[in-house]
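Me: Could you take a close look at one chain of this model, beginning with a single residue towards its end? I would then like to know how the chain is built and how it meets its partners.

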Amino acid sequence: MQVQGYMYPNEYELAWSILIVVYPYITGLVAGAFILASLERVFHVEAVKPTYRLALLTALAFLLVAPLPLQLHLGHPERSFEMYLTPHRTSAMAMFGFVYLWYLMAVLVLEIWLDYRRDIVLLSQRTRGWRRAIYRALTLGSSNISAGALAVDERAGYIVTVVGIPSALLLHGYVGFIFGSVKANPWWSSPLMPVVFIFSAMVSGIAAVLLIYMFTTWVRKRALDMRCLDTIARYLLYTFLIDFSLEMLDLVHRIYEANESFRSLDFMVHTRLYLSQIVIQIYIGTLLPLALLGLVQVIKLGATARKRIYACAGSLALVGIFAMRWNVVIGGQLFSKSFLGYTTYKLAFATREGLLPAILLMLLPLPILWGLTKLLPPWPEREAEPAGENRAATLSL
Amino acid sequence: MNRWRNGEHLLRVALVYGLGVVAFVLLRMALVPRSFGEFGHYRGNAIAETARQRPVFAGHQACNLCHSDVAALKRTGIHAGVHCEACHGPQAAHASDPGSVRPARLATARLCVRCHAANPARPAAFPQIDPRRHNPGLPCETCHPPHNPLQFLSQHS
Amino acid sequence: MNLTRRQCLLLLLPAAAAGWEALQAGAPERAPNYDKTQHWWGMLLDISKCIGCGNCVRACAAENQVPPGYFRTWVERYRVRDEDMPYPQVDSPDGGMHGFPPIPADGMKEFFVPKMCNHCADSPCTQVCPVGATFITPDGVVLVDKEYCLGCRYCIQACPYGCRFFNPVTHTAEKCTLCYHRITKGLTTACCEACPTGARQLVDLKNPNDPIHAFLRTHNVAVLKPYLATGAKVFYNDLDGSVR
């Protein structure tokens, strides 16, 4: 079952491992979470306000982890700074360092800082010891939180968000381009790839924020804002529908064109990728959550039932998008570029590029997010009275 | 005036970011290898470093310097185009130090069939034999002088 | 004293060896006769001459210390059934290093195809390198700078011919250098040196006296995967349409 048919002899071993699956998955979560956050700010979708700050912090937590799987994968991690020293103009990968830095520093950190500046200044006055030192440093020596200064922040934050949306699309569309521009590989080479990556990123990011919002609210023993939850779920449904249509368009196009690589790729999808592509990605990870989310739109359901459905659909969407990344990255290396044979991906466990580091990297953003919420609490202070929350929840029913 | 005061913290951010950019530019100037960009977007020295590798095959010109007798014999026969190291293997070590590094004697029964064993994928005009039928067990040079393999045959036919 | 010619020469050996040492040493710019701008290297692979002996594969491995299991050059055996031309049966046991055990022809067309880096003029592999660790030299050879390579393996993905691999020892991308250390000293490549039938010929497209020009004019010569527009400079004589 190892190698079947004929592969060029250097192709037996996959060049890109599970870590390269994790990387676009994580950047996808970043881009998606940010776009959800910007819904409130730029498109004035007031209902998602409760998740605005949480979505920003989620994006930051995942963005901080995003380069780690790449770093771990490199043969010479100590040379990665060369990407900044001598970026190669014609390489689709060379700009990664700059796109990443731009998105991290010019968009996310800046937007979070502007949004939290009032809280930071207040915290720097209220806290003691090392925490105070941190907040003092974060104020950059300015404690001006007059109404005028906050209005400036609001305005600047708006501009950053407006710049941030194309940046988020760039960050992830760019990851899609890294694959979509490889003309040697027909499984990847497609102008739709960046677009599919963007929409799948939005799906995964929105699903992640939805789940994190439900989880944190449950941990903090607060009531969920059902209007917010319903709105997020609706956006999840819309983006998911677009994402699925695009992927199906790509698939139908390939089947209908049936060019020289088709026989090879078709065989692969029906054998080695059957479980991960057809069963997990399409049936369980896409059609099922789409049906669940669609059901809520059609049938009137109680709050508890909706919550359960959202939790279920969100988790399935995360699984489905992960499977999509897997099928792109790993699937694209299972067949020979001679189109005459297939190899197998041997996933090791506790090696540098094995399953264990992949799982740890996937979990790492969660403790970082926990730390961030301690440092910069994303919940409004007045939330101290849960009565008001409950009323809002009841009203939306 | 008030406007200026209220936007002052933005200037502080800009200053921090500006310092970051300056630090980056300085670091970049210090760290990019000297020869980078000499011929194109790469380290120019890499070309010379690649060229510095030592050959393992001496090349037939080097062989012919000393073994001109064999070269002359070979030139007259069907193996004229076969370079020495095709059969004798890499001999740069021998060329560097002919006194102490001696090429191994070749086991022709195994060596010759690499090329001359019949194989349907070989060009039909290429001389091929079935090693199980064509005098099995005998070293090829019993009949065929390797440097001019058809000489012996032509004398007998 | 009855000295043979060879024994005579042995006495002169220190001089010969010194000449050989001088030949081996140093970089192209120190080789006075080598000017990078005066060459444009390629290779001619003649399918009608290849006998699948595997000499080139072994020679390459010995010359360049290629790690076992990876190949800078390899030989494929094609077996094509006339009713299924686009889907030939191909094998390359150990890259053809130890030759090919004969299989009864069974009514199929059979032939050998040597493979190697095509030293593309518009190479997809150098295009994608994020840092400029792989590049095409002014004389048309695609090289990897192993002191600068990150080991991201994007170039391996981008090569349509499967000619690159990840060296598990140096942790960098690796490929055929067209024996750059030899051709810059006036030698031919190790694979050409070891090829017994002349199925491999190093060619210099910038040299007007290179017989390649006449050959290209008078033969049916093709490159692999021409539709990918890689500007491949490894030319195949007598290339069957089923080869990919």
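Reply: C:Asp238 counts as partly exposed because its relative accessible area is 47%, a value between the 20% and 50% limits. The model is a predicted one. C:Asp238 lies in the segment that follows strand 11 (234-237) of chain C. Its backbone is notable: phi is positive, at about 65 degrees, although the residue is not a glycine. Most residues other than glycine have a negative phi.

A second residue of chain C invites the comparison. C:His119, likewise not a glycine, has a positive phi near 40 degrees. It is found in the loop between strand 4 (109-116) and helix 4 of chain C. Is C:His119 buried or exposed? It counts as buried because its relative accessibility is 1%, and the limit for that class is under 20%.

The chain that carries these two residues has eight helices and eleven strands. It comprises 244 residues, of which 62% count as buried. Among the contacts in chain C that join residues at least 6 apart in sequence, 65% connect residues at least 24 apart.

Chain C meets chain A through 49 of its own residues and 39 residues of chain A. About 3600 Å² is buried between chain C and chain A, with carbon and sulfur atoms giving 51% of that area. C:Leu150, C:Tyr154 and C:Gln157 supply 21% of the area that chain C buries here, more than any other three residues. Polar links are also present, with two salt bridges found across this interface. A:Arg263 and C:Asp84 form a salt bridge, their closest N and O atoms lying 3.6 Å apart. In addition, 35 residue pairs, both members at pLDDT 80 or more, are in polar contact across the interface of chain C and chain A. On the chain C side, two or more residues come from each of strand 2 (73-80), strand 3 (89-91), helix 4 (124-128), helix 5 (154-158) and strand 7 (165-167). By class, that side has 27 nonpolar, twelve polar and ten charged residues.

C:Tyr154 and C:Gln157 appear again in the surroundings of A:Trp16. Beyond its neighbours within four places in sequence, A:Trp16 is in contact with C:Cys152, C:Arg153, C:Tyr154 and C:Gln157, and with residues of its own chain, including A:His73, A:Phe179 and A:Trp188. In soluble globular proteins, nonpolar side chains tend to be buried together. The largest nonpolar core of the model has 147 residues, and the members that touch the most others are A:Trp16, A:Tyr103, A:Leu108, A:Phe179, A:Tyr310 and C:Tyr154. Helix 1 (residues 19-43) of chain A gives the largest share of this core, 17 residues. Another core, of 50 residues, lies apart from it and includes C:Phe71, C:Met97, C:Ile183 and C:Ala199.

Chain C also meets chain B, in a contact that takes 61 residues from chain C and 48 residues from chain B. The area buried between chain B and chain C is about 4400 Å², and carbon and sulfur atoms give 60% of it. On the chain B side, B:Gln53, B:Pro55 and B:Phe57 supply 13% of the area buried against chain C, more than any other three residues. One salt bridge is counted between chain B and chain C. In it, the side chains of B:Arg43 and C:Asp145 meet at 2.6 Å, N to O. Twelve residue pairs, with both members at pLDDT 80 or more, are in polar contact between chain B and chain C. At least two residues of the chain B side come from each of helix 3 (45-51), helix 4 (60-66), helix 5 (68-75), helix 6 (84-88), helix 7 (92-96) and helix 8 (108-116) of chain B. Helix 3 gives the largest share of that side, six residues. By class, the side of chain B that touches chain C has 28 nonpolar, twelve polar and eight charged residues.

Chains A and B touch as well, as one residue shows. A:Ser142 lies in the loop between helix 6 (129-139) and helix 7 (147-180) of chain A, and it counts as buried because its relative accessibility is 3%. Not counting residues up to four places away in sequence, A:Ser142 touches A:Arg117 and A:Val121 together with B:Glu8, B:His9 and B:Arg12.

Conventions. Residues are numbered from 1 along each chain as its sequence is written. Chains are lettered from A and ligands numbered from 1 in the order in which they are written. This is a predicted model: local features need pLDDT of at least 70, side-chain atom pairs count only at pLDDT 80 or more; totals for chains, interfaces and linings use all residues. Side-chain values use heavy atoms; hydrogens and water are left out. A nonpolar core is a set of buried Ala, Val, Leu, Ile, Met, Phe, Trp, Tyr and Cys residues joined through side-chain atoms within 4.5 Å. Buried means under 20% relative accessible area, exposed over 50%, partly exposed in between (1.4 Å probe, protein chains only). Helices (H or I, at least four residues) and strands (E, at least two) are DSSP runs, numbered from the N terminus. Contact means heavy atoms within 4.5 Å. Buried area is the accessible area (1.4 Å probe) that two parts lose on being put together, summed over both. A salt bridge is a side-chain nitrogen of Lys or Arg within 4 Å of a carboxyl oxygen of Asp or Glu. A polar contact is a pair of N or O atoms within 3.5 Å; within protein, one must be able to donate a hydrogen and the other to accept it, and residues adjacent in sequence count only if both atoms are side-chain atoms. Ala, Val, Leu, Ile, Met, Phe, Trp, Tyr, Cys and Pro count as nonpolar, Asp, Glu, Lys and Arg as charged, and the others, Gly among them, as polar.
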